[in-house]
Amino acid sequence: MKPQLPESMKTLNVIEILVRKRDKIELSTEQIYWLIERYTADKVPDYQMAAWLMAVQLNGMTRRETVDLTLAMAHSGDMIDLSDVVPFAVDKHSTGGVGDKTSLVVLPIVATCGVPVAKMSGRSLGHTGGTIDKLESIRGFRAELTPEQFKNIARKNQLVIASQSGNLAPADKKLYALRDVTATVPSIPLIASSIMSKKLAGGAQAIVLDVKCGEGAFMRTIDEAHQLARTMVDIGVDAGRRVTAVITDMNQPLGITAGNALEVREAIETLRGEGPSDFVELCLTIAAHMLIASPHSPVQNFEEAKTIAQQAITDGTAFNKFREMVRLQGGDPNQIDDPTLLPQARLQDTIAAPKSGYIAKIDARQIGRAVVDLGGGREKKGDPIDHAVGIETLVKIGDKVEVGDLLFRVHANDEDRLAMATGWLEQHVFEISDHPVEPQPLIIDTIIGKPQSF
Ligand code: URA
């Protein structure tokens with residue numbers, strides 16, 4: 001519930017708020033709501049908000065301040081109510097990685113196991129991909145749905161994935177753009193409140209977070225990933241939601257493919273029981289956490305939930321659920337039945353191991369950047385993208401390779417870009433060691449937070 005702000009708020013002023021944050025004095029709930037409301041309404045200029053963001057970046061926020069900031073941002077626009085669409089809204093969010101097509105597999109599994117999913121997803125930005133761009137590789141797929149269409153498809157198929165409505169957490173939209181140009185993106189309370197405000201505004205009652213950690217992620221170290229995960233779990237619990245944060249490795253791409261249509265193809269193969277082992281393991285883990293987060297799940301035990309998630313792949317029901325979602329959202333189901341009909345790039349090239357040894361490093365961030373340079377991602381909002389291009393990583397950290405073994409396959413639609421990407425991959429992306437290498441485990445840690453009412 002948005003708090004009723006007292007009359008005294010009328011006398012608040014920005015400078016006093018800036019002074020307090022600068023001097024490490026905790027802000028009141030009223031001050032935080034007032035600041036966010038005024039900034040969203042264009043009544044606080046960017047230069048003052050930038051000063052405030054930098055003070056937060058340097059001095060941090062208390063748990064209570066962070067929760068207030070999250071709720072103030074969530075309430076700055078539409079608060080979506082899914083109660084007439086799904087009996088209990090479980091959402092998932094990944095903090096962003098390379099080759100992360102998890103939603104395409106997890107959501108059909110969860111929906112077919114008895115927990116309906118009505119989800120809003122984002123597009124790609126920077127080196128990480130976005131679910132909506134991937135789905136738009138499918139001919140005719142419509143991600144922009146009216147609220148009526150969104151609800152009807154959810155009721156018919158228990159699964160719908162649409163792009164975010166225009167007025168979801170507008171304060172976050174403005175603040176994120178300002179953070180981007182004021183060196184205030186890497187602040188844990190600012191990242192946590194940004195992510196959680198959109199989840200709360202999107203109507204989630206329980207949230208499963210995949211907090212990526214490593215070279216290809218926002219959080220490079222396990223310690224940072226832990227702090228972000230803990231902060232988001234605390235925000236959710238204080239806001240009355242059940243939150244599970246799974247910290248997972250992003251030192252190498254997830255699965256094999258990075259690039260929109262290639263990732264849809266890999267997701268379809270996974271739904272048919274032919275997915276790469278790391279990707280399957282992550283999908284089953286996230287699906288199981290989503291299932292046990294819902295009181296409507298047929299099982300409440302994590303291992304049992306993983307078993308029914310696996311069954312939904314084995315018996316084909318998750319694949320059918322995905323195919324039906326694509327059909328109901330205007331997409332061509334023939335491309336789901338035969339993924340070779342998805343967009344394919346004109347050119348291909350491969351990179352082979354220059355020596356024998358053990359794969360010691362595969363830089364996921366650089367692979368993500370190379371996909372953007374091939375045209376498969378966007379530097380700024382609204383840039384067009386080429387769905388067909390991308391990179392297949394054919395080895396994993398720790399694998400033993402012989403000289404000449406294939407490491408990468410690049411898919412491009414332009415000779416110059418192909419040459420640039422292959423040159424880059426050859427020189428900057430992988431290392432081969434003479435000694436055996438132990439990879440980081442995929443699932444690093446799990447934090448579960450439940451409010452008293454759960
Ligand atoms: N993703 C978000 O939505 N916000 C951030 O601040 C960082 C990642």
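Visitor: What makes serine 194 a polar contact of the ligand?

Guide: In this predicted model, an N or O atom in the side chain of serine 194 is 2.6 Å from a nitrogen atom of the ligand. A polar contact is a pair of N or O atoms within 3.5 Å, so this pair qualifies.

Visitor: How do you know that lysine 198 makes a polar contact with the ligand?

Guide: The same cut-off of 3.5 Å applies. A polar side-chain atom of lysine 198 lies 2.5 Å from an oxygen atom of the ligand, so the pair counts.

Visitor: And what about arginine 179: how far is its polar side-chain atom from an oxygen atom of the ligand?

Guide: That distance is 2.9 Å, so it also falls within 3.5 Å and is a polar contact.

Visitor: How much of the ligand does the protein bury?

Guide: Taken alone, the ligand exposes 240 Å², and the protein buries 89% of that.

Visitor: Which elements give two or more residues to the shell around the ligand?

Guide: They are helix H8 (170-180) and helix H9 (188-201). H9 provides the largest share, four residues.

Visitor: Which residues surround the ligand, and why are some called nonpolar?

Guide: Tyr176, Arg179, Ile191, Ser194, Ile195, Lys198 and Phe218 surround the ligand. Tyr, Ile and Phe count as nonpolar, Arg and Lys as charged, and Ser as polar, so the shell has four nonpolar, one polar and two charged residues.

Visitor: Which domains does the chain have?

Guide: The domain assignment gives domain 1 (7-74), domain 2 (90-338 + 443-449) and domain 3 (346-433). The C-alpha centres of domain 1 and domain 3 lie 43 Å apart.

Methods
Residues are numbered from 1 along each chain as its sequence is written. This is a predicted model: local features need pLDDT of at least 70, side-chain atom pairs count only at pLDDT 80 or more; totals for chains, interfaces and linings use all residues. Side-chain values use heavy atoms; hydrogens and water are left out. A residue is near a molecule or strand if one of its heavy atoms lies within 4 Å of it. A polar contact is a pair of N or O atoms within 3.5 Å; within protein, one must be able to donate a hydrogen and the other to accept it, and residues adjacent in sequence count only if both atoms are side-chain atoms. Accessible areas come from the Shrake-Rupley method with a 1.4 Å probe; for residues, only the protein chains shown count as cover. Domain bounds come from an automatic or database domain assignment.
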